[in-house]
Amino acid sequence: MNKNFRTWLRSNTVTTMLRNNAGILVVLILFGVFLSFTTDNFLTNGNIISVLRQISINMYIALGMTLVIILGGIDLSVGSIVAMSGTLIVGFIVTQGIPLWLAIVLGLLLGTLAGLINGIIIAKFKVPAFIVTMAMMNIASGVAYVYSGGRSTRITEDFFVQIGTGYILGKIPLPVVYMIVLIAVFVFMLNKTKFGTYVYAIGGNRESAKVSGVPIMKVEIAVFTLTGLLSAFAGLVLASRMYSGQPSVGSGYELDAIAACVLGGVSMAGGKGRISGTVIGAMVIGIISNGLNLMGVSSFWQLIVKGVIILFAILIDTQNGKGSAFSTFIKNASLRHRS
């Protein structure tokens, strides 16, 4: 093989991504081959589009979760913010008669506000992210149920429905277009900006980052606020796709987002991980869910399967020379609490 070509292969971004995620890619390919032989619909255009749509919702949330986990934290409130934002936006339009554009802005702002509150309490008052976001999970879920009375609200407004069900060029679903744009933005942000460098620095060694003058509080607040905004956007697209706002719809999205990150190699110990890994992890979760649906496996068993996958991914993370990922996670939380 030509020396220059070998050098290019080693330095090429795509090659690096493939090398870093070789294990999970092999699992993805093997599972895809298995499904293509055991089901009739897996490789059809309709099913592939359905999988991409399904992945896109999880991807919006997982992008924010990637930053949170690299930072050394976790966000358990994302699923409830999805439900709250979707329920409020549809309720504002259908029940309150608020103009569509204003209802969307208000819904996104309220989701962002939830993330901002998470960030302020975690960064300023040094409360562990696990506790703060678990409380916000209950608050956001409670807001959705109280506002809607526990009932779903149907919407048939054409423009609103097009946000989640429309196509570009007649073939590409709009949610997939949003997903591609967001992935590009996050790849650039994490790899090419000072903000991305700060996120890695804080997650890698919080004390060193502090000594180096990294604005830890501002970065933490920004990351959790951004995650709240992305979760609210996921709620908007999901409500549009389902033609309704449903207070129970966000359940389990926090698990899928965390699973996508961990499967893609984002370390629970903080400081390590790439958007490309999260993208592959989200694809694995989406294809597994789709495959289990095609094989008629119940949603209850799907939860068990996803839980087992996360356990295996964490075990691999632990064995990759990082010591105990969870113990480091707890240690980081303690440092944050003391500093």
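Is Leu229 buried, exposed or partly exposed? In this predicted model, Leu229 has a relative accessible area of 35% and is therefore partly exposed, since that class covers values between 20% and 50%. The residue lies in helix H12, and its contacts reach well along the chain. Leaving out residues up to four places away in sequence, Leu229 touches Leu108, Gly111 and Thr112. Ile81 is 148 residues from Leu229 in sequence, yet their C-alpha atoms are 9.0 Å apart in space.

Before following H12 further, it helps to view the whole chain. The protein chain has 339 residues, of which 50% are buried. Its secondary structure consists of 16 helices and four strands. Of the contacts between residues at least 6 apart in sequence, 76% join residues at least 24 apart. The chain exposes about 16,000 Å², and 68% of that area is supplied by carbon and sulfur atoms.

The interior can be described through its nonpolar residues. The largest nonpolar core has 88 residues, and Met59, Leu63, Ile104 and Phe160 have the most contacts inside it. Helix H4, residues 45-70, gives the most to this core, with 13 residues. For Met59, the contacts beyond four places in sequence are with Met179, Ile183, Thr278, Val279 and Ala282.

A link between distant parts of the sequence also appears at Gly286, which is placed in helix H14 (residues 275-294). Gly286 and Met59 are separated by 227 residues in sequence, while the distance between their C-alpha atoms is 9.7 Å. With sequence neighbours up to four places away set aside, Gly286 touches Val51, Gln54 and Ile55. Its relative accessibility is 6%, so Gly286 counts as buried, the limit being 20%.

Helix H12 itself runs over residues 216-242. Because each residue adds 1.5 Å, its 27 residues should span 39 Å, and the end C-alpha atoms are indeed 39 Å apart. The helix is mostly covered, with 19 of its 27 residues buried. Helices H6 and H5 can be checked in the same manner. The 25 residues of H6 should span 36 Å at 1.5 Å a residue, and the 35 Å between its end C-alpha atoms agrees with this. For H5, with 17 residues, the expected span is 24 Å, in agreement with the 24 Å between its end C-alpha atoms. Of the 17 residues in H5, 16 are buried, so this helix is largely enclosed by the rest of the structure.

What kind of phi follows the ends of H12 and H6? Most residues other than glycine have a negative phi. Just after H12, however, Tyr243 takes a positive phi of about 60°. Tyr243 is placed in the loop between H12 and E4. Its relative accessibility is 32%, so Tyr243 counts as partly exposed. Lys126 takes a positive phi of about 60° just after H6, and this residue is found in the loop between helix H6 (100-124) and helix H7 (129-148).

The model also contains enclosed empty space. Rolling a probe the size of a water molecule over the atoms shows where such space is left. The count comes to one cavity of 30 Å³ or more, and the largest cavity has a volume of about 50 Å³. Its lining includes Val82, Ala83, Gly86 and Thr87, together with Gly235, Leu238, Ala239 and Met242. Ser244, Gly245, Gln246 and Val249 also line this cavity. The elements that give two or more residues to the lining are helix H5 (78-94), H12 and strand E4 (244-245).

One acidic residue completes the description. Glu254 lies in helix H13, residues 253-263. Is Glu254 buried or exposed? Its relative accessible area is 18%, and since buried means under 20%, Glu254 is buried. Beyond its neighbours within four places in sequence, Glu254 is in contact with Met65, Asp75, Leu76, Val78 and Gly79.

Conventions: Residues are numbered from 1 along each chain as its sequence is written. This is a predicted model: local features need pLDDT of at least 70, side-chain atom pairs count only at pLDDT 80 or more; totals for chains, interfaces and linings use all residues. Side-chain values use heavy atoms; hydrogens and water are left out. A nonpolar core is a set of buried Ala, Val, Leu, Ile, Met, Phe, Trp, Tyr and Cys residues joined through side-chain atoms within 4.5 Å. Buried means under 20% relative accessible area, exposed over 50%, partly exposed in between (1.4 Å probe, protein chains only). Contact means heavy atoms within 4.5 Å. The expected span of a helix is 1.5 Å times one less than its number of residues. Accessible areas come from the Shrake-Rupley method with a 1.4 Å probe; for residues, only the protein chains shown count as cover. On a 1 Å grid over the protein atoms alone, a cavity is a set of points where a 1.4 Å probe fits but cannot get out, and a pocket is an open set with protein on both sides within 12 Å along at least five of seven lines; lining residues have an atom within 4 Å of a point. Grid points are joined across faces, edges and corners, and a volume is the space filled by probe spheres set on the points.
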